[in-house]
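I opened the notebook to look up strands, burial and charge pairs in this model. The entries follow in the order I made them.

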Amino acid sequence: MSSKEAILGAIKKNKPAATPLPDLLKFPDETNLIERYEKGLTGNGGKLQVVDSLEELEAFVRENYASDQLIASLVDEVNGNVDVSKISDPHDLEHVELAILKGELGVSENGAIWMPEKNVVHRVLPFIAQHLIIVIREETLLTNMHDAYEKVNVADGGYGVFIAGPSKTADIEQSLVIGAHGPRSLTVFLLKK
């Protein structure tokens, strides 16, 4: 008998009996999801705009971005000047100043937003744009990541990501840099019911 077989045999012989998995804890529902979401988002360096209509988002874009800047909007109600669906090489998105996307759900405990691949078209878009705006609806806010994982179907679409603020990095000297590896800003537009 080889030493490998002896080791594997000893492991099989001394394998402990299986134990059942513990029950998952059920956390209480949060009463003020918007306030808690804003706290989580701002803690990550993002900003929240609570709006009644997407016309307010359109006005924000007109006020804060020049018409000659590249704006990729995947929100039908907001005009952009980059047609992402016609771009086959993601490298062509490198000069996008602003990406405007729809989020599927928001997580109040940490300000994260679930972004499935169908909402970004190119996986690189939310990370290559200089600035990012994500639109979510109030009724999609959830209390915590446990609730989010119950809603997210990871097998659907093949790719998805939780985004929780603009890009950040810090070194050993605790010097925080925003926008080093991705968007310099994230603004979430929360559409009220």
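**Strand 11 and its partners**

I began with a bridge pair: His-131 stands opposite Ser-185 in strand 11. The model is a predicted one, so I read every value below as computed.

I then took the two strands together. Strand 6 covers residues 131-137 and pairs with strand 11 in the parallel sense, over 7 bridges. Further along, Ile-136 has Leu-190 of strand 11 as its bridge partner.

Which other strand is joined to strand 11? I found strand 1, residues 47-51, running parallel to strand 11 with 5 bridges. Lys-47 is placed opposite Thr-187 there.

Is strand 11 enclosed or open? I checked its residues, 185-191, and 7 of the 7 are buried, so strand 11 is largely enclosed by the rest of the structure. I also looked at which way the side chains go. Ser-185, Thr-187, Phe-189 and Leu-191 point one way, while Leu-186, Val-188 and Leu-190 point the other way. Both sets are buried.

**Strand 6 from the other side**

I looked at burial in strand 6 next. Here 6 of the 7 residues are buried, so strand 6 too is largely enclosed by the rest of the structure. Strand 3, residues 98-102, pairs with strand 6 in the parallel sense through 5 bridges. In that pairing I noted Leu-101 opposite Ile-134.

**The open sheet**

I turned to a sheet of 4 strands. It is open, its order is 7-4-5-8, and its pairing is mixed. Which strands stand at the edges? They are strand 7 (141-142) and strand 8 (160-163). Each has a single partner strand, so one side of each has no neighbour in the sheet.

I followed one pairing inside this sheet. Strand 5, residues 112-116, runs antiparallel to strand 8, and 4 bridges join them. Met-115 is opposite Val-161 of strand 8.

**Two buried residues**

I picked Ala-72, which is in strand 2 (residues 71-73). Its relative accessibility is 0%, so Ala-72 counts as buried. What does Ala-72 touch, leaving out residues up to four places away in sequence? I listed Val-82, Val-84, Val-96, Leu-98, Ala-99, Ile-100 and Leu-125. I also took a distance from Ala-72 to Leu-191. The two lie 119 residues apart along the chain, and their C-alpha atoms are separated by 20 Å.

Thr-143 was my second pick. It sits in the loop between strand 7 and helix 5 (145-151). Thr-143 has 6% relative accessibility and so counts as buried. I set aside neighbours within four places in sequence and read off its contacts. Among them are Pro-28, Asp-29, Glu-30, Leu-33 and Arg-36. Val-107, Ser-108 and Glu-109 are also in contact with Thr-143.

**Helix 1**

I moved to helix 1, residues 3-13, where Leu-8 is found. Leu-8 is partly exposed, at 44% relative accessible area. Ile-7, Leu-8 and Ile-11 make a nonpolar patch on the surface, and together they have about 300 Å² of accessible area.

Ser-3 is in helix 1 as well. Is Ser-3 buried or exposed? I read a relative accessible area of 58%, so Ser-3 is exposed. From Ser-3 to Met-145 the C-alpha separation is 45 Å, with the two positions 142 residues apart along the chain.

**Salt bridges**

Side chains of opposite charge can pair when their charged atoms come close. I counted with a cut-off of 4 Å from a Lys or Arg side-chain nitrogen to an Asp or Glu carboxyl oxygen. The count comes to 6 salt bridges. I wrote down some of them.

Glu-104 and Lys-118 meet at 4.0 Å, N to O. This pair links distant parts of the chain, 14 residues apart. Glu-104 is in the loop between strand 3 and strand 4 (105-107), and Lys-118 is in the loop between strand 5 and helix 4 (125-128). Glu-104 is partly exposed at 33%, and Lys-118 is exposed at 63%.

Asp-83 and Lys-86 form another salt bridge, at 3.8 Å, N to O. Asp-83 is partly exposed at 39%, and Lys-86 is exposed at 69%.

Arg-123 and Glu-117 form one at 3.1 Å, N to O. Arg-123 is partly exposed, with 43% relative accessible area.

**Record check**

Last, I looked up the annotation. UniProt, in an unreviewed entry, places "domain: LUD" at residues 92-191. Over that stretch I read 11% helix and 39% strand, with the end C-alpha atoms 31 Å apart.

Note on methods
Residues are numbered from 1 along each chain as its sequence is written. This is a predicted model: local features need pLDDT of at least 70, side-chain atom pairs count only at pLDDT 80 or more; totals for chains, interfaces and linings use all residues. Side-chain values use heavy atoms; hydrogens and water are left out. UniProt positions are given in the numbering used here, feature names are shortened, and annotations may be inferred rather than shown by experiment. Patches are made of residues with over 30% relative accessible area and no salt bridge: like charges are joined within 9 Å, nonpolar side chains (Val, Leu, Ile, Met, Phe, Trp, Tyr) within 5 Å. Accessible areas come from the Shrake-Rupley method with a 1.4 Å probe; for residues, only the protein chains shown count as cover. Buried means under 20% relative accessible area, exposed over 50%, partly exposed in between (1.4 Å probe, protein chains only). Two strands pair if DSSP finds at least two bridges between them. Contact means heavy atoms within 4.5 Å.
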